[in-house]
Protein chains: 2
Amino acid sequence: MTGNKSSKKKELIAKDNFTEWYDNVLLEAKVADDRYPVKGFTVYTGWGMSIARRIIGMLEERLDNTDHDPMQFPVVIPQSSFQKEEDHIAGFSGEVFWITHAGENELENKLVLRPTSETAIYPMFKLWMRSHQDFPIRMQQTCNVYRYETKATRPLYRGREFLWNEGHTAHATYEDAEEQIKIALRIYSEVYDALGLSYIMLKRPVFDKFAGADYSVAFDTWNPDGKVNQIGTVHQLGYNFGEAFEQTFEDENGEQATAANTCYGMGFGRTLAATIAHHGDNNGLVLPPKVAPKQVVIVPILFRGKEEIAVGYAKELEAKLKEAGIRVVLDSDNRTSPGDKYYKWEMYGVPLRLEVGPREAQNKNATLVRRDNFEKVQVDEEKLVEKVNELFEAIFENLKAKDKAKLDSLVKDAYDMDQLEAYMEARLIVKVNWCGDAECAMNIKDQVSGEIRGTRWDVEEEPTGSCVFCKDEAKYVAYVSRTY
Amino acid sequence: MTGNKSSKKKELIAKDNFTEWYDNVLLEAKVADDRYPVKGFTVYTGWGMSIARRIIGMLEERLDNTDHDPMQFPVVIPQSSFQKEEDHIAGFSGEVFWITHAGENELENKLVLRPTSETAIYPMFKLWMRSHQDFPIRMQQTCNVYRYETKATRPLYRGREFLWNEGHTAHATYEDAEEQIKIALRIYSEVYDALGLSYIMLKRPVFDKFAGADYSVAFDTWNPDGKVNQIGTVHQLGYNFGEAFEQTFEDENGEQATAANTCYGMGFGRTLAATIAHHGDNNGLVLPPKVAPKQVVIVPILFRGKEEIAVGYAKELEAKLKEAGIRVVLDSDNRTSPGDKYYKWEMYGVPLRLEVGPREAQNKNATLVRRDNFEKVQVDEEKLVEKVNELFEAIFENLKAKDKAKLDSLVKDAYDMDQLEAYMEARLIVKVNWCGDAECAMNIKDQVSGEIRGTRWDVEEEPTGSCVFCKDEAKYVAYVSRTY
C-alpha cells in the first residue's frame, strides 16, 4: 500500500467530484477496502475501524450510563420466530439471507441471518418478564446485520452487511415506552453532536415507518452528492411485538398485561461515512479530534548532520503529549520526505501536525498546523499541551459550525411542483406543505427525483399554504429529498 | 427475573456438582441464557457480557500496543476462497453453515459463514503487499465464528457461534513469523495471568494441529469436570496460505517471494467460562476485580427511623469510591432485605461488600467483606479507598495462588497404561513418556478416556523412560487429558 509517494500526490481528487473522491479516500486513508469478493460486503481496514471503534465507544458509554445492559444475541433467527410479526415479515422477508445447510446436512429448520434483531430478542424478553417489577428491560448490542439489498451498494453507506448498535427495551406501559424514545433520541443526538454532524430529526411518514412499528423517528443528514443519509432511527413498537411474542406480565393489579417495546439503531458505517463526507476536503479526511485515532503527528524536519537534534527533541515532545493523554504519533520514517509525510497524515485527517527542526529544538518551541484550515501557529514548549487542547476545541467548533451552515444552506422552501423539481435537480433538501395523504406523497415521488422523508420531530412546523401537490389544505410541513 | 428472593436462596447448588452449579450460575448471575431456540446458540446477558467486554478490552489494548490494526472482515466467505487451501478445507468443510438463498433468489455462488477467517483475510492481504517494505501486516478483529459442532454443546464452552478475537499476520520471512508467534503467546499469557487463570502451554501433536498450519500452540486450562478447556491457540501457518492465496511480493533483491503467515485466536466464551469455573464457589461467581462490572457493592443496613442516616452515609461513600475510579453500586432497593442483597451480589461475584448502618455513619467507618474468603475488616472512612485497592490486590493474588495450586494438584505422572487409565478416571491431567508416533497416540485415545494434547512449549521436558504405550524409546513428555 505504500508505493511511490510522489506519484500519489498527483492523484489528489477534488471533493467536488464526490464519488471518486470518496472511493479514493477510503482506500488511501485505509478506512475501508471494497475489493472483498462478495458484492455488498466491505472490509473495514485499520484507520477506519479505529475511528469506528471510537464512535462505538461514545455511544456505548451513553447506553451504559442510561442502564442498557450490554448483551449479545445470536446472528441466526429461526424461521418460526422470524415470521411471527406480520408487518415485520412482510417488510423484511424479501431481503434476508437464508442458511439452509450445515456440514453435509440440510437443516430441518431454516435459519435467517438477522436483518435486525426484534424476532431474536423478544422471545427471550418474554422469558425475563413475570411481574411489573421486572421493568424496564433495556439491552443493547453492537453487531452486524444482514440485508440482501437490491439497490446499488456503496461502502459504508449501503452494504449487505452493516455494523450498527441496536437497543431494545420493554416497558410496563406505553407511556414508559414514550419516555424511552426521548432518552434514545437524546443519546443519539449527543453522539452526532460530538462528531460535529448536523442532521434533521424527522418522524417518518406512515408508509415509510419501520416494519412493525407504531411510528419511527429518523436522523437524516446531508451528503455531498445531494442524497440524504439516514444515520439513526428510533422506533415506538407499541404492543405489536408484545402481542406477537406474548410478552406478558402481571401488572400492579394482578392482571395479565402486555409489554410495550421500543427499539433503535445507529449505523456506524453510515455515521462514519457522514463524518468523512461532511468534514473531509481535497486533501483527504479531516477528523474531529475526539475520534481521530492519532490526534497529533510530529514531523521532524531533518537537516543533514543535525538529524539527531530534531529527532531527539521530537521524542521529548512526543513523551510530553502522551503523558497528557493525547494520541500522538512521531513519524520518523527516514525513507520519506517531510512533504510525503504531510501528504500522508493530511489524507488520514490527523487534526494537528507538529513540525520540529533544529531551530525549534534550540528555541524550545514548535510549529503547529491545523488540518481543518492549515493555519500555522508557533508555540513554546511549556505551552504546548494547553495549546494543543485549545486547538482541538477550536477545530471541533469550526467543523461543527461549517457543517451546520452547510445544512442550513441546503434546506429550501418550495410552494409548487416546478419549484420542488428545480430544487431536487439542484440536489437540495426541500420543505413543502403537504396534506398528509400517502397518495400525494406517491405522486410527488413519481414526479420528482426525491421523496417525502417525514415531518420534523423536534420542532413544530406550521404549514403556510396548500399541499404542494393536490392544493388541498396542508396539515404538515414535509421534507423532500433524494435518498440513499 | 427477580421473583421471591428467599425461596431462591434455597436453590444454592454446591460447586462439587459442577454441571448443575454452572448452569444455575449462568442464569442466576445473568451471565448467559441458553434457552435461545436454536441449538448451540447462546445469549450473553448483561452481567456476562459486561465481564466479557472487559476481557476483550484487556486483549485489544495489548494488540493495539503491539501494532495490530483493528479491522472487520465480512462474516461470509465465498465458496471459491474457502476451498483454496487443501488441508484447511479438509479440516473445516464438515462443520460449516451454508448460505444458499437470499430474498427469493438462489445464490449462484454459495457462501460459508466463517468458521475462522484465513480464507476471508488472505485474499485481501494479497492486495496489500507489493514490496518487502509493506511488512509486517498485522490485523485483529473481535467477532463471532460459526461451526456446526456435532459434539455436545455447552454454553460458553462449546457453541455453534463463538465469540473470539482472531489475529492474522503476514511477514517477509519465516523467521519474522516465528518472532510474531512469541509476541502472540506473550500477549495471551498476560491476559490469562491478569484473570488469575493457570494454564499449560502445549505444542499440539501433528495430528491435532490447526488445519493448514505448520504447527499449533495452545493454552489448555483445567476445568472442575476434569476436562481441559482450550482457551487460546497460536498457529505458525508458514507458507501454506501464502502459496494457496498467492501472497507474493518483491523481496530486497527484487525477486518474487511468498509471505509467511501466523494467526491466533482467543475464545472469549471459553475464557469467561474458565474465569467462572475456576474462581466460583458455592455462593456463585467470584470475580477478579479487574473484570468485575461492579467492584464494590454498598449495602445499607436499615434500622427503623434511622434509614436516612445509613443511606445518606452510603451515598457519601459511593461518591468517594466513584471519584477514585472504583466501579461501585449502592443497593438501596427497599423491597429486599440486606440478606437478599448479600445473596444477590455474592452470586454476581462482586469482589467487596461494604456494609453501613447508623453506627458506621456515626463513627465514620464501614465494614468491608471480601467475596473470595468472606473475611471482614473494619476501615475508617479516610482509609477506605486505599484499603479497597489493597483488598482488590489481595483478592486477586489469592485467586491466582489458589488457581495455580489447583492446577499443580491435578497434574500427575503415569508410567504405564493402567496408571494412566486410573488417573484419567480420576479426571487428572497426566504426563506420560511418548515415542512421538501418531499410532501410539491413537491407541492411547482408544484405551483411556483422554487423549494426548501435546508437549510443553514453554519449558523443555525430558522423557524419563520408555513410551507409555509401545515401550519404545520415548522422545517426548506428552500431556494426556479429557477434552471438551
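**Two chains, one shared sheet**

In this predicted model, the domain assignment divides chain A into domain 1 (15-279), domain 2 (294-395) and domain 3 (411-483).

Me: How far apart do the C-alpha centres of domain 1 of chain A and domain 2 of chain A lie?
Reply: The assignment places domain 1 of chain A at residues 15-279 and domain 2 at residues 294-395. Taken between their C-alpha centres, the separation of these two domains is 40 Å.

Me: What kind of axis relates the two copies?
Reply: Chain B can be superposed on chain A with an RMSD of 0.0 Å, and the operation that does this is a turn of 180 degrees with a shift of 0.0 Å along the axis. The two copies are therefore related as by a two-fold rotation axis.

Me: Which residue of chain B comes closest to the rotation axis?
Reply: Strand β5 of chain B covers residues 97-102 and pairs with β5 of chain A in the antiparallel sense, over five bridges. Of the residues of chain B, the one whose C-alpha comes closest to the rotation axis, at 2.2 Å, is B:Ile99.

Me: Which element gives the largest share of the side of chain B that touches chain A?
Reply: In the contact between the chains, 50 residues of chain B meet 50 residues of chain A. The elements of chain B that give two or more residues to this side include α3 (46-65), β6 (105-113), α6 (118-128) and β8 (161-171). The largest share, six residues, comes from β5(B).

Me: Which strands stand at the edges of the open sheet of six strands?
Reply: The order of the sheet is β4(A)-β6(A)-β5(A)-β5(B)-β6(B)-β4(B), with antiparallel pairing. The twist from one strand to the next averages 45 degrees. A strand with a single partner has one side left without a neighbour in the sheet, and so the edges are held by β4 (76-78) of chain A and β4 (76-78) of chain B.

Me: Which residue in β5(B) does A:His101 stand opposite?
Reply: β5 of chain A, at residues 97-102, pairs with β5 of chain B in the antiparallel sense. Across from A:His101, in β5(B), stands B:Trp98.

Me: Which residues of the largest nonpolar core touch the most other members?
Reply: Leaving aside neighbours within four places in sequence, A:Trp434 is in contact with several residues, among them A:Cys440, A:Ile452, A:Val468 and A:Tyr476. Within the largest nonpolar core, which holds 288 residues, those that touch the most other members are A:Ile298, A:Trp434, B:Ile298 and B:Trp434.

How values were computed. Residues numbered from 1 in each chain as written. Chains lettered and ligands numbered in written order. Predicted model: local features only at pLDDT ≥ 70, side-chain atom pairs only at ≥ 80, totals over all residues. Domains from an automatic or database assignment. Least-squares fit on C-alpha atoms with pLDDT ≥ 70 in both. Core = buried A, V, L, I, M, F, W, Y, C linked by C-beta atoms within 7 Å. Buried ≥ 20, exposed ≤ 12 C-beta atoms within 10 Å, placed from the backbone. Contact = placed C-beta atoms within 7 Å. Pairing = 2+ DSSP bridges. Helix = DSSP H or I, 4+ residues; strand = E, 2+ residues; numbered from the N terminus. Axes fitted to C-alpha atoms, helices over the stretch in contact; angles between N-to-C directions.
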